[in-house]
Every structure is written in structure tokens, then in C-alpha cells.
Amino acid sequence: MNHRQDPHAFIDQYRRDFPGDVLVLDDPVPADEGVTGVIYELAAAGRREMVQFRKVTGLDVPVVSNMFASRQRIARMLDTGPSGLHSAYQQRARRPVPPRVVDSGPVLDNVTTEVDLATVPMLRHFASDRSPYVTSGIIVAEDPDTGVGNLSYHRAMPHSRTELATSLHSRGDLWRMLQKYAERGEPMPVAMVLGGHPLFMLAASARVGYDVDERAVAGGLFGEPLEVVRTPRHGIGVPAWSDFVLEGTIDAAERAEEGPFGEFSGYSSNRSTNNVLRVQTILRRSDAMLIDVVGGNTDEHLNLARVPRESEMAEKLKARFPDVTAVHYPTSGTHFHCYVALRQRRPGQARQVMLGLLGWDPYVKTVIAVDEDVDVTSDNDVLWALATHFQPHQDLFTVDGLPGSPLDPSSGSDGTTSRMGLDATRGPHFDGNRIVVSEEARQHARRILGENG
């Protein structure tokens, strides 16, 4: 067994290597909003530590959350820094390594067919949530014809002692696979993984085609095959180091309401797909913990999905438009805004780049283009560029009637949205010299402040 793929070993090692980036709380917190309250207060103070909750009232396991809230931390997972995050992710993800089946693993420590979902730890993250939810659940399924696997995140809440109400909300690859099983008149075998190595969790957010197995993408991120064990009933390959696996089926004909639930838009949402996951087997590590993902418009929730999206968009844009220097999806814009920096060499270049981005990413509604000396990771810097470089009558364009995100509360009843590009580059005839504070002055100031801190 390869301990490099053990999420517990990762957390322990990360805490030793970067003790200032992990907050360990011994005080108990409630399962209802306790974890969320801590993380929202940290965010309000500009803090993004990974948090270990040793005691959560009502749960029999510790909880780790906020793992993906920091870009610096995600970059460290990929052995790079924030500036190299996109290229490191793409380089590894583009070299998939098929999973390797092993005979045993910690997730097989405890296997039961006497299913009681009350034994599976879940948290209520927001007062507006309908119930406690699984927020980090990665559903694994395999195509009935090819055996190619699919990983995807799907929120889920208890529906009965043995069933979860969930939603294949994106109508993406898993929903497509469910239709194939329905055409055969069969329920779709699935396994929901709770608690995997962060690189496995990143792979589950990868933007790949139906014929690409995200377990192989995880292998690419690791640089070695993902070790999987077969689930007892359906033989689905799941990470050997998982904390929990819920094995069962989803029948396309079965429905159960779920929601409202706090989503990335900052609003609570219901869903229209309303699927049922009937759990037949529970697998659990003896030393299990709950690796939680705080929902809503948190840095963690957004980063987990947007780092793969940003990486793909950065690669595409730079390949087609070599003058693009940086791409960033800001937390303030949830998944609907994007900032792009470029060296604009001729009129219209920024507009062309923005049109490409608006066409490639169906979630993005607004793109702001800035010059390469503007820090796209800073809302303040981008808004300064918008304030000083942008003229609405000539630097704005809109496109309407395009498919949008089903979770955008402002989208039309038919699911369409309009999109906008804002050119906040200086342009060829801009007249102005940017003020500068010399590095010598900054160093002197840092020395003085350090001595008097």
C-alpha cells in the first residue's frame, strides 16, 4: 500500500511542514453550522487555514475542512507555487495513469450491509439548508459498455435509513451514464466516496470528456496509479485509502426531493433532477475522519471547482492567444466572473480574447480584460484598472441568448443568460504614467515596521 495516497498522512505531513497553515481546534463545535461559523469568521479576518475540528457534537469522527481554501496550499499539493498552479495542474492532468486494483485497503476495515445512514457523519452548513448534507461526496460510476469510470461531486441528504436524496444537477457525464442504464432497464451501480486524498478530490473536478476516466487523471496528478479496491457488491473501483464509501444504485425512475441547500452563488437552491441513491453497503476506515467541503460561496467550494477550470482556460487561451499572461476567477464573482491579463499589441485584441473565453466557458457571464502589469488575483487592482481605463461607450460589449448555469439566480426561465466583456486595458492612445513607489522605499518601510511591530 502506498501511504502517499493516504489523506490522513497528507494532513499530518502538511501540518508538520506548514504548522502556521493548519488550525487545530480542541473546543467542541456543533454539527449544525459550527464548522461553517468558524470558517466564515476566519474568512472575514482574511484567514484561510485548513482546520481540524477534533470534537464535533453528535459525530463520532473528527472533521477536517477548508482544505482547498488557499491557492498557496493547492499549489503545494502540486509541488509548485501559486504562479505555477495552472501549468502544474495541466501538465499532470494531461498525463493520465490508469488506476491499479489492489486486494486490500483501509476502507475495507469495516464493511456492513446493515445500512443505517445515521452512522455516516454529515453536517448542516447553513441555517437555510433542509437538513445535514454530504458536501464532499464523489460519486464513482462505470460505463456499462466500456467500463470507463466517471467521478463527480453531488450534494446529498438523508431521505430514509438506507437512501440519500441527491441530484445529478449538471446533467453532465454521470446523468448521461444514468440514461444508458435506463435504456437497459437497469439501475446504475454507484459508489459515493467520502474522504480521499486532495489530489483525488481535485481530479473529481477535472473538465474532461465522457471517455476519460477521472481516476486516471488522479493518477496523473499523483504521478503514479491511483490504488483502488473493488466494492463488495458491484465491483466499482474506489480509492483504497477512502474514509467512507457508500455503495448502491441510482434508478433513473426514482425521485426524492432535496434542498434547499447553500450553493456557490451565495443563494440556497432546490434542484429539478431529484435522484435517489439507494445505499446497499457501507465501507469505513477504522480511523475514519470526515473530510468536509464547506459549500456556499466560500473560497474552498469555489477553488475546488475553479482551479481545474482556470487551468483549462489558461491553457486554451495562451495556446490560441500567446499574449495572454494570466487568468483568474475571483471569489467575489463566484463562477460567473473572470479576469484576464494580456499584452495588447493591437486594437481589438482584448475583445477577441474575451469572446474566446465567453464562448468556451458556459458559466462565465462577465470578463474584464486588463494589462499584464495588473494583478488579476486582486479585486482592488482590477477595479482600479476598470475605473481608470474603461469607457463604457466603446469598451463594453454584450451577447445574449446563451446557455448559462442552472444555479445562476438571475438567469432566464429557459436557462439562458447574457454575457459581457469589459475592456479595461489602456489601449493604444492612453495617456498616463502609473505612479510608482520604489522598491528601496518599500524595503526601508518594511524594516522600520518590522522593528516597531
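**Exercise 1. Salt bridges**

Task: State how many salt bridges there are, and find which parts the pair Glu310 and Arg71 ties together.

Step 1. A salt bridge is a side-chain nitrogen of Lys or Arg within 4 Å of a carboxyl oxygen of Asp or Glu. By this rule the count comes to 36 salt bridges. The structure is a predicted model, in which local features need pLDDT of at least 70 and side-chain atom pairs count only at pLDDT 80 or more, while totals for chains, interfaces and linings use all residues. Residues are numbered from 1 along each chain as its sequence is written, and side-chain values use heavy atoms, with hydrogens and water left out.

Step 2. Side chains of opposite charge can pair when their charged atoms come close. Glu310 and Arg71 meet in a salt bridge with an N to O distance of 2.7 Å.

Step 3. Glu310 lies in helix H8 (residues 299-320) and Arg71 in helix H3 (residues 71-77), so the pair ties together parts that are 239 residues apart in sequence. Helices (H or I, at least four residues) and strands (E, at least two) are DSSP runs, numbered from the N terminus.

Step 4. Buried means under 20% relative accessible area, exposed means over 50%, and partly exposed is in between (1.4 Å probe, protein chains only). Glu310 has 0% relative accessibility and is therefore buried. Arg71, at 18%, also counts as buried.

**Exercise 2. The partners of Glu312**

Task: Which residues form salt bridges with Glu312, and is Glu312 buried or exposed?

Step 1. One partner is Arg207, with the closest N and O atoms 2.4 Å apart. Because Glu312 lies in helix H8 and Arg207 in the loop between helix H6 (198-203) and helix H7 (214-222), this pair ties together parts that are 105 residues apart in sequence.

Step 2. Another partner is Lys316, at 3.7 Å from N to O. Glu312 and Lys316 both lie in helix H8, four residues apart, which is about one turn of the helix.

Step 3. With a relative accessible area of 13%, Glu312 is buried. Arg207 is partly exposed at 30% relative accessibility, and Lys316 is partly exposed at 32%.

Step 4. Salt bridges can also share partners: Glu142, Asp213, Arg215 and Arg230 are joined into one network in this way.

**Exercise 3. His86 and the packing of two helices**

Task: Find what His86 touches, and describe how H4 and H8 pack.

Step 1. His86 is found in helix H4 (residues 85-93). At 16% relative accessibility, His86 counts as buried.

Step 2. Contact means heavy atoms within 4.5 Å. Leaving out residues up to four places away in sequence, His86 touches Arg71, Glu310, Ser311, Ala314 and Val327. Arg71 and Glu310 are the two residues of the 2.7 Å salt bridge.

Step 3. Two packed helices are described by the angle between their axes and the distance between the axes. Axes are lines fitted to C-alpha atoms, for helices over the stretch in contact, and angles run from 0 to 180 degrees between N-to-C directions. For H4 and H8 the angle is about 90° and the axes are 9 Å apart.

Step 4. Angles under 35 degrees count as roughly parallel, over 145 as roughly antiparallel, 65 to 115 as roughly perpendicular and the rest as oblique. H4 and H8 are therefore roughly perpendicular to each other.

Step 5. From H4, Leu85, His86, Tyr89 and Gln90 take part in the meeting with H8. The residues they meet in H8 include Val307, Pro308 and Glu315.

**Exercise 4. Strand pairing**

Task: In what order do the four strands of the open sheet stand, and in which sense does E24 pair with E22 and with E23?

Step 1. Two strands pair if DSSP finds at least two bridges between them. The open sheet has the order E1-E3-E5-E19, with mixed pairing. Its edge strands are E1 (22-25) and E19 (290-291), each pairing on one side only.

Step 2. Strand E3 (residues 50-53) and strand E5 (residues 63-65) run antiparallel and are joined by three bridges. Phe53 stands opposite Val63 in E5.

Step 3. Strand E22 (residues 366-371) pairs with strand E24 (residues 416-423) in the parallel sense over four bridges. Here Ile368 has Leu422 as its bridge partner in E24.

Step 4. Strand E23 (residues 396-403) pairs with E24 in the antiparallel sense over six bridges. Val399 stands opposite Arg419 in E24.
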